[in-house]
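Visitor: Pick one part of this model and take me through it slowly, please. I'd like to know what it is built from and what packs around it.

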Amino acid sequence: MKKIKQATALAAAAALSATMLAGCGGSTEGTASTATETASSASTAAESGNAGEFTYPMATGHSITYWCNLNENIGSYYKDMGETPFGKGLMENTGVDITFLHPPTGGQDEQFNLLVADGDLPDVMEYHWQNYPGGPEKAISDGVIVSLNDIIDQYCPNLKAYLDANPEIARQCRTDDGNYYAFPFIRGNEELRVTMGLFIRQDWLDELGLEIPTTIDEWHTVLTAFKEEKGATAPFCYEWTMGGLTDNNPFAYAYDTKRGFYVGEDGKSHYGAAEQNYKEYLQTMHDWYAEGLLDPDMMTSSYETVSAKMSNGNAGASFGWAGSRMGVWSNAGVEIEPKFNLQPCPYPSRDKSTPVKMGQIDSACPNQGMVAITTSCKDVEAAARLLDWAYSDEGHMYYNFGTEGVSYEMVNGEPVYTDLILKNSDGMAPGTVMTHYLRGNYNGPFVQDLRYLKQYYTLDGQKKSNETWAVATAAQYAMPNVTPTAEESEEYSTIMNEVETYRDEMTNKFILGTESLDNFDQYVETMNSLGLQRAIEIQDAALERYNER
């Protein structure tokens, strides 16, 4: 039997929070407060040794249905998460029998809508709840999920301690009305918020006598050399069609803009794709495309085609994640060219005299891996206890590192992944085998630990990536997790569906040259006619409410 005492759990949460980025400002506020747990039922009394102590595993007889996406690295080996070492260990550690339910690949939203319409819901659902029509507060008022405020106070000492110790994180995890609605995924360190950026063939730079580019002009020089001297047919190549990558376009940041919403220096909501700075960015992309410096197939390139071009020498620079892009392509490239060497590049500025202000930075509490308790759940306490375990000291280690003696060992007081993870005898990549034993390398209802990343990044370039990609002022321009009201949300969605479709269509045309940038003002007028200014008003009202939480 494993006992987790509240005093221990709260102390662990307070200690962990000391290393945690507690909001955009980068400081940690508050300290863990002492909570008093009250046994409110016979089962609680039987499972609690005394006031202030809770015992895991729970008494037998608790079962929960848990709906979530099945990670693709799991789906190739297991039919559901319950078959994985992680799922089996989670049930063993908590004492809860979990039936995992997974939507078909790519069908999460469709199945979610069908389940909500039917009304017979799984006990807990892992979903991007901020995308619920009307926001999570509407999901509560619609009778889909329950408010967690009283549940956290009564059954979740570990999560409560963490939120009490980190008020900025707590603000991001609740609605404008003050309701907690899901057990959150929390990036437990500032470095975990910057995992995406530019990288380049350092071996090519060395051969050509060039330095890592830091400005738009320097990038033009380097890409031209890659085309003319190295024969690259797609000097700069990345997955243009992947929203997360396109939203964080590194060259748009050079012009202090992005294609979506951001917070301006006036503290108001701005829509980058309708501003003159976006026109300057488009002009640069158009010029580069015309000169053959960008992938000629960029508008349709998939992960597979970009992977091939990066590893076989048709491309010399790209943009993406340090793990699943730079790391994977480095390992593939060196098999073809032993000198193959990818290194990170800083987000470029417009020129040497104009420092870059914007850059990629994830929310400390992103809209992913969030688990809500539905109104269909009959054993709310068991569901809450199950989920709260992840925020305890023991659960934190399990979610991030798996089982001691199997997937990690303690070495000089630090968790170190075993060869099972890092040098798998079956030839599985670390990122794949990790998903079988833990959740540290993707997301879920837990606090992510930086120590996972330090081991996951094994290459020299990866280890330098965070320091290289970090932009000191990026957070102040990032739009926080705002939530329009139910009425606003319906109007906002209708407007933005049309605006974004038109924006993406015209952006492609401007870059390809099938539409003249002389028509940019007309393009903005058309977006305004579709209701863009009203959408900005809605977003700004939501931002004001967020700031008042």
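Guide: Let's stay with one small sheet and the helices around it.

A quick word on ground rules. This is a predicted model, so local features need pLDDT of at least 70 and side-chain atom pairs count only at pLDDT 80 or more, while totals for chains, interfaces and linings use all residues. Residue numbers start from 1 along each chain as its sequence is written, and side-chain values use heavy atoms, with hydrogens and water left out. Helices (H or I, at least four residues) and strands (E, at least two) are DSSP runs, numbered from the N terminus.

Now the sheet. It is an open one, made of 3 strands in the order 10-7-11, and the pairing is antiparallel; two strands count as paired if DSSP finds at least two bridges between them. Strand 10 and strand 11 are at the edges with a single partner strand each, so one side of each has no neighbour in the sheet. From one strand to the next, the twist averages 40 degrees (axes are lines fitted to C-alpha atoms, for helices over the stretch in contact, and angles run from 0 to 180 degrees between N-to-C directions). Strand 7 and strand 10 share 5 bridges in the antiparallel sense. One to look up is Met-196, whose bridge partner in strand 10 is Trp-321.

Next, what sits on the sheet. Helix 16 packs there, touching strand 7, strand 10 and strand 11, and its direction makes about 135 degrees with that of strand 10. Helix 22 also packs on the sheet and touches strand 7, strand 10 and strand 11, but its direction makes about 5 degrees with that of strand 11. Contact here means heavy atoms within 4.5 Å.

Helix 22 deserves a closer look. Running over residues 460-469, it has Gly-461, Gln-462, Ser-465, Asn-466 and Trp-469 buried (buried is under 20% relative accessible area, exposed over 50%, partly exposed in between, with a 1.4 Å probe and protein chains only). Looking down the axis of helix 22, you'd find these buried residues within an arc of 145 degrees, so they line one face of the helix; the arc is taken from the directions from the helix axis to the C-beta atoms. Lys-463 and Glu-467, on the other side of helix 22, are exposed. The cover over the buried residues includes strand 7 (196-201), strand 10 (317-321), helix 16 (322-336), strand 11 (342-345) and helix 21 (450-456).

Helix 11 meets these strands too. Its buried residues are Ile-216, Trp-219, Val-222, Leu-223, Thr-224, Ala-225 and Phe-226, and what covers them includes strand 7, strand 10 and strand 11, along with helix 10 (202-208), helix 13 (250-253) and helix 14 (276-290). How far apart are the end C-alpha atoms of helix 11? They are 20 Å apart, which agrees with the 21 Å that its 15 residues (216-230) should span at 1.5 Å a residue; the expected span is 1.5 Å times one less than the number of residues. Just after helix 11, Gly-231 takes a positive phi of about 70 degrees.
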